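I set aside this page for what I looked up in the structure, entry by entry. Each entry starts from a residue, a group of residues or a bound strand.

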Amino acid sequence: MTLSHWLVKSEPNSYSYADLERDGRTVWDGVRNNAAALHLKAMKEGDEVFFYHSQEGLAVVGIARVVRTAFPDTTDPAGRFVAVELAPVRALARPVTLAEMKAEAALAGMAMLRQSRLSVSPVSADEWATILKMATG
DNA sequence: GCCAACGTTGGC
DNA sequence: GCCAACGTTGGC
């Protein structure tokens, strides 16, 4: 089975990567956007996920892993949306900022750059490798 | 704080 | 079913 890669956004004021490390795992709920929900449904156990800090930080700061695939989001009264569970893998050695990603030609097609408001987006294998390299450089 | 992008709602 | 109005997200 081939694993896929994703990116999720979170405002560190409400839930940061450090919070995920502290908790060990967390329910990724509250997504109320159909495109984002489709990506949640496509996540497989073991898929790796970049954890991006929006509003404050504006950078990919860590890697998480899908530990439970999509199930009904109990915070959605209408019962239409789904949640997954994520666990921390590791913090990046160096955060990769939005400005750096925008400046990197290899990331020009990246979903989160093309549609800035999408809170859950796919990351191609090449984009994943590019960002990992930027995090060590 | 402002504004662009974009999704949703509701009147027709 | 269209589209204007409105609300939310998120970068600047």
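Entry 1, a tryptophan and its surroundings. I looked up the contacts of Trp 28 in this predicted model and, leaving out residues up to four places away in sequence, I found that Trp 28 touches Val 8, Lys 9, Ser 10, Tyr 15, Leu 40, Phe 51, Val 82, Ala 83, Val 84, Glu 85 and Leu 86.

Entry 2, the cores. I noted next that the largest nonpolar core has 21 residues, and that Trp 28 is listed with Val 8, Leu 40, Met 43, Phe 51 and Leu 86 as having the most contacts inside this core. I then asked which elements give two or more residues to this core, and the list reads β1, α1, α2 (34-42), β3 (48-53), β4 (59-72) and β5 (82-97). The largest share comes from β4, which supplies 4 residues. Apart from this core I found another, of 16 residues, including Phe 50, Ile 63, Leu 92 and Met 110.

Entry 3, two loop residues. Is Ser 16 buried or exposed? I located Ser 16 in the loop between β1 (5-10) and α1 (17-23), and I entered Ser 16 as buried because its relative accessibility is 11%, with the cut-off for buried set at under 20%. Neighbours within four places in sequence aside, Ser 16 is in contact with Phe 51 and His 53.

I then turned to Gly 24, in the loop between α1 and β2 (26-28), whose 36% relative accessibility is the reason why I list Gly 24 as partly exposed. Gly 24 touches Ala 87 and Pro 88 when residues up to four places away in sequence are not counted, and for the pair Gly 24 and Pro 88 I noted a C-alpha to C-alpha distance of 6.5 Å across a sequence separation of 64 residues.

Entry 4, the DNA. Which residues surround DNA strand C? I wrote down Lys 9, Tyr 52, Ser 54, Gln 55, Leu 58, Leu 98, Lys 102, Ser 116, Arg 117 and Ser 119. Of the atoms of DNA strand C that come within 4 Å of the protein, 68% belong to sugar and phosphate. By residue class, I recorded the surface near DNA strand C as 3 nonpolar, 4 polar and 3 charged.

I also looked up individual atom pairs: a polar side-chain atom of Lys 102 lies 2.3 Å from a phosphate oxygen of DNA strand C, while for Gln 55 a backbone N or O atom lies 3.2 Å from a phosphate oxygen of that strand. For Arg 117, I noted a polar side-chain atom 3.0 Å from a base oxygen of DNA strand C.

Technical notes:
Residues are numbered from 1 along each chain as its sequence is written. Chains are lettered from A and ligands numbered from 1 in the order in which they are written. This is a predicted model: local features need pLDDT of at least 70, side-chain atom pairs count only at pLDDT 80 or more; totals for chains, interfaces and linings use all residues. Side-chain values use heavy atoms; hydrogens and water are left out. Buried means under 20% relative accessible area, exposed over 50%, partly exposed in between (1.4 Å probe, protein chains only). Contact means heavy atoms within 4.5 Å. A residue is near a molecule or strand if one of its heavy atoms lies within 4 Å of it. A polar contact is a pair of N or O atoms within 3.5 Å; within protein, one must be able to donate a hydrogen and the other to accept it, and residues adjacent in sequence count only if both atoms are side-chain atoms. Ala, Val, Leu, Ile, Met, Phe, Trp, Tyr, Cys and Pro count as nonpolar, Asp, Glu, Lys and Arg as charged, and the others, Gly among them, as polar. A nonpolar core is a set of buried Ala, Val, Leu, Ile, Met, Phe, Trp, Tyr and Cys residues joined through side-chain atoms within 4.5 Å.
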